[in-house]
Amino acid sequence: MLDGMMRRLIDPPLDRLGQRLAARGVTADGVTLAGLGLGLAAAGLIALGLPGLALWPMLAGRLADGLDGAVARASRKTDFGGYLDIVADFLVYGAVPLGFVLLDPAANGAAGAFLLTSFYVNGATFLGFAILAERRKMETRARGVKSLYFTGGLLEGTETIAFFVAICLIPSWFAPLAWGFGALCFVTALSRVLLARRVFPEG
């Protein structure tokens, strides 16, 4: 819901930094992989009982996730780069809740499973819509220049990062926050299904 507004704020400085990095030979795929590594490191720290410390590599990884596109725009965009970016995002988004489940399976297991299921369904509605949008040559830049068609929703990247920050700062609240966030993910997924039914009618 907030991604459109956030992109307008963060894209100009990210683009400037992306131009500097591209001029030094840094590749977009390299930034994507660095962000993935940082996100997985954060998940590992969470599983080891250090969620507060995990906050810093997680935020740095999310910064890299925004920066890889800026580097690509300043150098060369590729289909594989966009594909790698999405795969890395989904892996990090799954790994962070998994870290909390591994940290305390008894307290966090059910809520973590519910949250991961909601991520799975939400991701399916997002990618399915993007495939059909590509088939119909639909375009949007409401959330910045993307490799895929990004549909809006109640929960987007900005809200997910805020959620991750909250559970890292207050890990004892993981279960109730995960139940609530997962429920809102299902609402977001349902809204995409209803939008797809309207935009892509039968026949």
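These are my notebook entries on helices, salt bridges and surface features in a predicted model.

**Setup**

I work with a predicted model, in which local features need pLDDT of at least 70, side-chain atom pairs count only at pLDDT 80 or more, and totals for chains, interfaces and linings use all residues. Residues are numbered from 1 along each chain as its sequence is written, and side-chain values use heavy atoms, with hydrogens and water left out.

**Entry 1: overall fold**

I looked up the secondary structure first. The protein has 7 helices and 0 strands. Helices (H or I, at least four residues) and strands (E, at least two) are DSSP runs, numbered from the N terminus. Along the sequence I read the pattern α-α-α-α-α-α-α.

I then checked burial. Of the 203 residues in the protein, 41% are buried. Buried means under 20% relative accessible area, exposed over 50%, and partly exposed in between (1.4 Å probe, protein chains only).

**Entry 2: the transmembrane record**

I looked up the UniProt record, an unreviewed entry. For "transmembrane region" it lists residues 33–59, 80–103, 109–133, 145–167 and 173–195. Its positions are given in the numbering used here, feature names are shortened, and annotations may be inferred rather than shown by experiment.

I compared two of the listed spans with the model. Residues 80–103 are 100% helix and 0% strand, with end C-alpha atoms 34 Å apart. Residues 173–195 are 96% helix and 0% strand, and their end C-alpha atoms lie 33 Å apart.

**Entry 3: helix lengths and a kink**

I checked helix H3 (residues 51–74) against its expected span. That span is 1.5 Å times one less than the number of residues. For the 24 residues of H3 this gives 34 Å, and the end C-alpha atoms are 35 Å apart, which agrees.

H3 also has a kink of about 25°, centred on Gly66. The bend at a residue is the angle between axes fitted to the seven residues ending there and the seven starting there.

Helix H6 (residues 157–169) was my second length check. Its 13 residues reach 18 Å from first C-alpha to last, close to the 18 Å expected. I also listed buried residues in H6: Thr158, Glu159, Thr160, Phe163, Phe164, Ile167 and Cys168.

**Entry 4: salt bridges**

How many salt bridges does the structure hold? I find 3. A salt bridge here is a side-chain nitrogen of Lys or Arg within 4 Å of a carboxyl oxygen of Asp or Glu. Side chains of opposite charge can pair when their charged atoms come close.

I took Asp15 and Arg73 to begin with. Their closest N and O atoms are 2.7 Å apart. Asp15 lies in helix H1 (residues 3–23) and Arg73 in helix H3, so the pair ties together parts that are 58 residues apart in sequence. Asp15 is partly exposed at 25% relative accessibility. Arg73 is partly exposed too, at 31%. I noted one backbone contact here as well: the C-alpha atoms of Asp15 and Ala74 are separated by 7.6 Å, with their positions 59 residues apart along the chain.

Next I followed Arg62. Its side chain meets that of Asp65 in a salt bridge (3.4 Å, N to O). Both sit in helix H3, 3 residues apart, so about one helical turn separates them. Arg62 also meets Asp89 in a salt bridge (3.4 Å, N to O). Asp89 lies in helix H4 (residues 79–103) and Arg62 in H3, so this pair ties together parts that are 27 residues apart in sequence.

Which residues are linked in a network of salt bridges? They are Arg62, Asp65 and Asp89. I checked the accessibility of each. Arg62 is buried, at 10% relative accessible area. Asp89 counts as buried, at 10%. Asp65 is partly exposed, at 21%.

**Entry 5: a nonpolar patch**

I ended on the surface. Leu48, Leu50, Leu53, Trp56 and Leu59 form a nonpolar patch with about 540 Å² of accessible area together. Patches are made of residues with over 30% relative accessible area and no salt bridge; like charges are joined within 9 Å, nonpolar side chains (Val, Leu, Ile, Met, Phe, Trp, Tyr) within 5 Å. Accessible areas come from the Shrake-Rupley method with a 1.4 Å probe, and for residues only the protein chains shown count as cover.

I looked at two members of the patch. Leu59 is in helix H3 and is partly exposed, at 31%. Leu50 sits in the loop between helix H2 (28–47) and H3. Leu50 is partly exposed, at 39%. Its C-alpha atom is 8.6 Å from that of Cys168, 118 residues apart along the chain. Cys168 is among the buried residues of H6.
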